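Please work through the following exercises on a protein model. Each task is followed by a solution in steps.

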Amino acid sequence: HPPPGHPFPPVATMPEITKNVSFDTIAREWRMKWENKETLSKIQETFDSVKSELKGLKGIKAVQRTVCGGCLDYKISVSVSADAFGDWEKAEFTPEKKFLEAAAKIDGVTKVETQTFTLMPVDL
């Protein structure tokens, strides 16, 4: 913050977890395990059927897919600006429920879970 009497108003600050851990992005991860390539393909088809609903999401920064062929993970991470996250949370992370319920019905899908976490670039 500027010193008292400084002519400029304070700049908006990023949310902080601690003084040296701030963030400007919050991500919601949808994850599950898949049994075989047929299962994986059906999960992707299911995600493809709902992904257009993310296009108009306020504050959206990125959507990333992570697939691990060794541990059989399938993950979708949807990143939004920290200031827009609350609105998406109030909307129950649409289309999360639709995607996860449909994916859970696919034969060979297990451990359907979600996680919320913060993201911040790291200067090297």
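The exercises proceed from the overall fold to the sheet, the core, the charged pairs and the cysteines.

**Conventions**

This is a predicted model, in which local features need pLDDT of at least 70 and side-chain atom pairs count only at pLDDT 80 or more, while totals for chains, interfaces and linings use all residues. Residues are numbered from 1 along each chain as its sequence is written, and side-chain values use heavy atoms, with hydrogens and water left out.

**Exercise 1. State how many helices and strands the protein holds, and give their order.**

Step 1. Helices (H or I, at least four residues) and strands (E, at least two) are taken as DSSP runs, numbered from the N terminus.

Step 2. The protein has three helices and six strands.

Step 3. Read from the N terminus, the order of elements is β-β-β-α-β-β-α-α-β.

Step 4. For contacts (heavy atoms within 4.5 Å), 70% of those with a separation of 6 or more join residues 24 or more positions apart.

**Exercise 2. Determine the strand order of the open sheet and identify which strands stand at its edges.**

Step 1. Two strands pair if DSSP finds at least two bridges between them.

Step 2. The open sheet comprises four strands in the order β4-β5-β3-β6, and the pairing is antiparallel.

Step 3. β4 (60-68) and β6 (110-119) are the edge strands; each has a single partner strand, so one side of each lacks a neighbour in the sheet.

Step 4. From one strand to the next, the twist averages 15°.

Step 5. Between β3 and β6, which run antiparallel, there are eight bridges. Within this pairing, Arg31 stands opposite Glu113 in β6.

**Exercise 3. Describe how α1 and α3 lie on the sheet.**

Step 1. Axes are lines fitted to C-alpha atoms, for helices over the stretch in contact, and angles run from 0 to 180 degrees between N-to-C directions.

Step 2. α1 lies across β3, β4 and β5, and runs at about 25° to β5.

Step 3. α3 also packs on the sheet, where it touches β3, β5 and β6. The direction of α3 makes about 15° with that of β3.

**Exercise 4. Identify the residues that touch the most other members of the largest nonpolar core, then examine Val50.**

Step 1. Buried means under 20% relative accessible area, exposed over 50%, and partly exposed in between (1.4 Å probe, protein chains only). Buried residues make up 32% of the 124 residues in the protein.

Step 2. A nonpolar core is a set of buried Ala, Val, Leu, Ile, Met, Phe, Trp, Tyr and Cys residues joined through side-chain atoms within 4.5 Å.

Step 3. The largest such core has 24 residues, of which Trp30, Met32, Ile43, Phe47, Tyr74, Trp88 and Phe99 touch the most other members. Two or more residues each come from β3 (25-33), α1 (37-50), β5 (73-81), α2 (82-90) and α3 (96-104).

Step 4. Val50 belongs to helix α1 and is buried, with a relative accessible area of 2%. Not counting residues up to four places away in sequence, Val50 touches Pro95, Lys98 and Phe99.

**Exercise 5. Analyse the salt bridges formed by Asp24 and Lys61 and by Arg31 and Glu113.**

Step 1. A salt bridge is a side-chain nitrogen of Lys or Arg within 4 Å of a carboxyl oxygen of Asp or Glu. The structure holds nine salt bridges.

Step 2. Asp24 and Lys61 form one at 3.7 Å, N to O. The pair is 37 residues apart, with Asp24 in the loop between β2 (21-22) and β3 and Lys61 in strand β4.

Step 3. Asp24 is partly exposed at 26% relative accessibility, and Lys61 is partly exposed at 45%.

Step 4. Arg31 and Glu113 meet at 3.0 Å, N to O. This pair connects strand β3 with strand β6 across 82 residues.

Step 5. Arg31 is buried at 19%, whereas Glu113 is partly exposed at 32%. Glu29, Arg31 and Glu113 are linked in a network of salt bridges.

**Exercise 6. Establish how many disulfides are counted, and treat Cys68 and Cys71.**

Step 1. A disulfide is a pair of cysteine sulfur atoms within 2.5 Å.

Step 2. By this rule the count is zero. Cys68 is in no disulfide, and its nearest cysteine sulfur, that of Cys71, is 3.1 Å away.

Step 3. Cys68 is partly exposed, at 28% relative accessible area, and Cys71 is partly exposed, at 36%.
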